[in-house]
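Got your viewer open and the selection box ready? Load the model below and follow along, one selection at a time.

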Amino acid sequence: MATSIDTGRSNQKRRTRAAIVEAASDLIAAGGEVSMPAIARAAMVSEPTAYRYFPDLPSLISEALAGAWPPPAEALAPVADSTDPAERVAFACEFLLRGILRREGAVRAMIAATITRPGAAAERPGIRFGLIDHALAPVEETLAATDPDAFAQLKRDLAVAVSAEALFTLTDLCGLAPDAAVASAVRTATTLTEAAVRTIARG
């Protein structure tokens, strides 16, 4: 039988966990650097306390981001009536990259953590894959039937181009401003899609 002390401890644990998640969400929304020490300070707990609730930064970021991204159909609603895969992919690419820029600190932290600990990669949201699948949905049945291998390769190509890694390569290494980097990535994704569709259609 639970005692009032046990209940009080459970409630305190829930409040502490909620405070840590809320602090992480606020830091993510601010777009700045996201780290476990910064989150702990914002939640007014010690860093070891934060780690007792979340074993690593990716798991905390994942929980803080839960529900932050709309489902693919909702995200691509403005191009819902379009059957042009290039147009749909272009929109999906821009949608993703603009969202990444708004959450840049969290995305960079997640990438850094999963590079040093590849086993944590499963904790990354993988938003791009749902967007790519939905963008190509109107032509999947025909293109996949014509050349399933080529269609699968197109999805893999887009997973590289429609990504935070591509965006940060363009900003950090190529020196592009964020808007120019997004435009460049959209052009690449569009070109890949148009070329693949033409090739598959020729059979």
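## First stop: Thr-193

This is a predicted model. Start by selecting Thr-193 and its surroundings: leaving aside residues up to four places away in sequence, Thr-193 touches Pro-85, Ala-86, Val-89, Leu-136, Leu-154 and Leu-158. Colour helix α11, residues 178–202, and you'll find Thr-193 in there. Is Thr-193 buried or exposed? Its relative accessible area is 0%, under the 20% cut-off, so it counts as buried.

## Second stop: the salt bridges

There are eight salt bridges in the structure; let's visit some of them.

Show the side chains of Glu-94 and Arg-98, which meet in a salt bridge at 3.3 Å, N to O. Both sit in helix α6, four residues apart, or about one turn of the helix. Glu-94 is partly exposed at 34% relative accessibility, and Arg-98 is partly exposed too, with a relative accessible area of 27%.

Keep Arg-98 on screen and add Asp-179: their side chains also form a salt bridge, this time at 2.5 Å, N to O. Arg-98 belongs to helix α6 and Asp-179 to helix α11, so this pair ties together parts 81 residues apart in sequence.

Now jump to Glu-165 and Arg-128, a salt bridge whose closest N and O atoms are 3.1 Å apart. This pair links distant parts of the chain, with Glu-165 in helix α10 (residues 164–173) and Arg-128 in helix α8, 37 residues apart. Check the surface here: Glu-165 is partly exposed at 31% relative accessibility, whereas Arg-128 is buried, with a relative accessible area of 14%. Before moving on, select Glu-94, Arg-98 and Asp-179 together, since salt bridges with shared partners join them into one network.

## Third stop: the largest pocket

Turn on your pocket display. The largest pocket holds about 270 Å³ of space. Its lining has 17 residues, and those closest to the centre are Val-107, Arg-124, Pro-125, Gly-126 and Ile-127. Colour α4 (57–65), α6 (85–102), α7 (104–116) and α8 (127–146): these are the elements that each give two or more residues to the lining. Colour the lining by residue type and you get 13 nonpolar, two polar and two charged.

Which element gives the most to the lining? That's α7, with four residues.

## Last stop: helix α7

Isolate α7 and put a distance on its end C-alpha atoms: they are 18 Å apart, which agrees with the 18 Å that its 13 residues should span at 1.5 Å a residue. Finish by highlighting the buried residues of α7: Gly-105, Ala-106, Val-107, Ala-109, Met-110, Ile-111, Ala-113 and Thr-114.

Conventions: Residues numbered from 1 in each chain as written. Predicted model: local features only at pLDDT ≥ 70, side-chain atom pairs only at ≥ 80, totals over all residues. Heavy atoms only, no water. 1 Å grid on protein atoms, 1.4 Å probe; cavity = no way out; pocket = protein on both sides within 12 Å on 5 of 7 lines; lining within 4 Å. Points joined across faces, edges and corners; volume = space filled by probe spheres on them. Nonpolar A, V, L, I, M, F, W, Y, C, P; charged D, E, K, R; others polar. Expected span 1.5 Å × (residues − 1). Buried < 20%, exposed > 50% of the residue type's maximum accessible area, 1.4 Å probe, protein only. Contact = heavy atoms within 4.5 Å. Salt bridge = Lys/Arg side-chain N within 4 Å of Asp/Glu carboxyl O.
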